[in-house]
Amino acid sequence: MFFWRKKARAADPYEALVHEIVEEQRKSGTYWFNFEPKNVPAGQRVLSLSPEDQKGFVLAATAWIEENRGGNDFARWAVVHRTMTAVLRRRLPFDHADLMALLAWSLRQPLHYFYVAPQLIKAVEGYTKEHELTPELRERIGELAQHLVSGYTTADTRRWAKKLRELAGLRSGTVPLVAGEAWSDVAIHDVETEDDEGRRTAWVELLGLCAGASGAKPSARWRKDVERHLEGIGFGPFKEAVLRWFPLVERPRTRPIEEWSEWAPDPNLLIEDSNADVLKGLAWACGLQEDAELSRALTALALSAYKKVPQVGARCVRVGNACVWALGNMPGMGPIGQLALLKVRVKAGTAQKGVEKALAAAAARLGLPEDEIEEMSVPSYGMTEVGLRREALGGFTAELAVTGTSSVEIRWTRPDGKAQKSVPKAVKEEHAQGLGELKGASKDVQKMLTVQRDRIENLYLEAKVWPYGVWRERYLDHPLVGTLARRLIWRFTDGDRTVAGVWYGGRMVDRTGRVLSWLGDSTRVELWHPIGETPDEVMAWRDWLAELEIRQPFKQAHREVYLLTDAERNTRVYSNRFAAHVLKQHQFNALCSARGWKNSLRLMVDDEYPPATRHLPAHGLRAELWVEGLGEDYGTDTTEAGTYLYVATDQVRFYGSDARENYAHAGGGGYGPVVYGAAAAAEPLALEEVPPLVFSEAMRDADLFVGVASVGNDPNWSDGGPEGRYRDYWTSYSFGELSATARTRAQVLEKLVPRLKIGDRCRLEERFLVVRGDVRTYRIHLGSGNILMEPNDQYLCIVPASGSAFGGNGNVFLPFEGDRTLAVVLSKAFLLASDRDIKDPTILSQIHGTR
């Protein structure tokens, strides 16, 4: 217990009141957080004093706090502090000396104990109404403003500091940024070296407004003030500055922070709080006027802000959210395409909600249906034909050409019509700006192609149908989307006639090559799915597309179809088809996000989690994949932050959209209602009641999650993982029965292998592609890509390089994009067919049995 000095009788009546308050709190036993001055006699006397006497009490209270600081009796400090701040809320007659003393006292107090800034601001405001600030007082106020934002800050402390600077008249000459970050260093330099005094003042005023940006969106007054300062700066200089500053946010700090608490995240990976406030305001300001370059810069800044940081999650949520708001409110259609890109690339659930909200706001602003806004807003990036943009630069002709789902080329032609292999020197020197715009468009097209491919593939579960004219405009003839749509099969219905067709030779034809000349305004169009077709029809489409070498942007003709099994009819309301697999949790979580499933990373904590869920509003359903965290050893089975490294899969179920959600404990336990004592859990739908296409697509996703994220795919897990506990699972998965996806892979290889230059060395045998080398024969599993060597089935560990893909090793046609395991199987086949040429010592030691 901390004991304060006791006096028989205080010589100062104000000091006596302080002691009375402390003594009354001690005797009453009231907890400090329940203490109210108006509820104790001494406090009531203080509140009834004249303003002059209340001023005396405040000064006595500050002296008492100063004298008794350093003990461990926080309760006594707190009651004195509470009484003092209650009095400070009133306008008191402080003179110059009083205010200087009060500010000096505040500078000596620990901020986390004595938040008196709002009351001090009130005292300074009251003083300035009747007195001029002296240079000494102005300096002292500035010192307190700086004190409030030194070290750890909050939105409140930054707001209070900004107000104090305004009262001291410091705002017009001070850039409210903290040096030490690449972008803030450049911004400070740019503003402080601005030659035009009027523009410099406008910049400082604008950055000051940005520093005070608060809330989820800017107020009308804030926007009006910003527009006024933007007029003083000029839109051109403003745009030029932020396009220079925003990309630097991604760079490392210029002044690394060397020390911080081991329990805190690395501050070198974060954005300094005061600087983040300014970035938030600048992002809002960018959204006030339509501009393609600013919208791209906002997207890049959002991706940087949402990047995950250990122990934090997203690096700076408020900056990312500000960029999303700006894109959602920026005039025109172009920014909506950037939001569509963020919708695919940003994984955090809260960020996803923000993007969806911004898209809804944009749709409302433009008066367009929300479900159509994304497909209507895809930019053309200057392409005037499907997949092609031509531009003349200094006598040369540049062609930006889409050559695949994620590949774009820039080709050059000389004035004489001959091809130019590299960028002409004259273009680099005389048309740098035009060249930069063309390269920027190329990067944007490459990113947007992937976004649109994923969006189109997700249309299967949205039950989308278009009038023929609308479909042609938004899909077939769109300069960017058309490069994807023209490699897909579409179903056309007009009256009683329904035919599937694909674009070929400049016309829409069926699989026999017959032109569909009857398509017109009354025709309805939807994306073709093999589930409604006979096996012969599907195989005919596959053969015809292969013959024409039309490589589809995703699996369509080769799409796996999942029908109910007898086992699923017996279990009736759930499927165990993909149960009991061990998945890498972070990879599984990323796949969920990419495929439109909502999932939460499970931590080894006493908490409840919902299953991975895919909402299907077009069908009034939701699909659930039940998973649970694996392991009990914190630090071995989890990350340092306690996140499970692995999860085990369980049932797949379907519910109505409005059915009560299920939850389970992080480390296992049955799913059910989260509220204990609640009504029984919601009843799942019988699987036979689920539309076949919905069932098939949900099960296909579950198969994808297992096929990609299972530890059985990882060659490094041949030892069974931690303590060898998953060895049996790894072996059974790595070389076990094929999933539907792997069976499709086998069907593709059956027709592809004979055309390979190593075809005479390969054969398909049940679950394996068997490759005959010069040293040994190898069996590559079609599901996992793992390898066994004959004659003794010795395991051969070959770890593919990150991002590696099969380049063809000769011009080998693959019928669809996106199956990395197929590419890995082919790459390993080519490598092992020439096993005498292998140089890698690790692989050689295994082949020759020397390891």
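Q: Which residues do ring pairs link into a cluster with Trp 466?
A: Let's start with the aromatic rings of this predicted model. Two rings pair if their centres lie within 6.5 Å. Following such ring pairs from Trp 466 leads to a cluster whose other members are Tyr 468, Trp 471, Tyr 475, Trp 490 and Phe 492.

Q: How many residues apart in sequence are the parts that Trp 597 and Phe 705 tie together?
A: The count comes to 26 aromatic pairs, and Trp 597 with Phe 705 is an edge-to-face one, 5.7 Å centre to centre with 80 degrees between the planes. Trp 597 lies in the loop between helix H25 and strand E13, while Phe 705 belongs to helix H26, so the pair joins parts whose separation in sequence is 108 residues.

Q: What kind of aromatic pair do Phe 654 and Phe 695 form?
A: Both of these residues, Phe 654 and Phe 695, are buried. Planes under 30 degrees apart count as stacked and over 60 as edge-to-face, with the rest in a third class. Here the centres are 6.1 Å apart and the angle between the planes is 40 degrees, which makes the pair of Phe 654 and Phe 695 tilted.

Q: Is Glu 181 buried or exposed?
A: Now for the charged residues. Side chains of opposite charge can pair when their charged atoms come close. Glu 181 does this with Arg 253, in a salt bridge of 3.7 Å from N to O, and the two sit in loops 72 residues apart. Buried means under 20% relative accessible area; Glu 181 has 6%, so Glu 181 counts as buried.

Q: How far apart are the closest N and O atoms of Glu 391 and Arg 389?
A: The structure holds 55 salt bridges, and a salt bridge needs the nitrogen within 4 Å of the oxygen. Arg 389 is buried, with a relative accessible area of 12%. In its salt bridge with Glu 391, the closest N and O atoms are separated by 2.7 Å.

Q: Which helix gives the most to the positive patch?
A: This surface patch is formed by Arg 345, Lys 347, Lys 428, Lys 439, Lys 443 and Lys 447. Patch members need over 30% relative accessible area, and Lys 447 is partly exposed at 39%. Lys 447 lies in helix H20. With three residues in the patch, the helix that gives the most, spanning residues 432-457, is H20.

Conventions:
Residues numbered from 1 in each chain as written. Predicted model: local features only at pLDDT ≥ 70, side-chain atom pairs only at ≥ 80, totals over all residues. Heavy atoms only, no water. Patch = residues over 30% accessible without salt bridge, like charges linked within 9 Å, V, L, I, M, F, W, Y side chains within 5 Å. Areas by Shrake-Rupley, 256 points an atom, 1.4 Å probe, with all protein chains shown as cover. Salt bridge = Lys/Arg side-chain N within 4 Å of Asp/Glu carboxyl O. Lys, Arg positive; Asp, Glu negative; His and termini not counted. Charge placed at Lys NZ, Arg CZ, Asp CG, Glu CD. Helix = DSSP H or I, 4+ residues; strand = E, 2+ residues; numbered from the N terminus. Buried < 20%, exposed > 50% of the residue type's maximum accessible area, 1.4 Å probe, protein only. Phe/Tyr/Trp six-rings, centres within 6.5 Å; stacked < 30°, edge-to-face > 60°.
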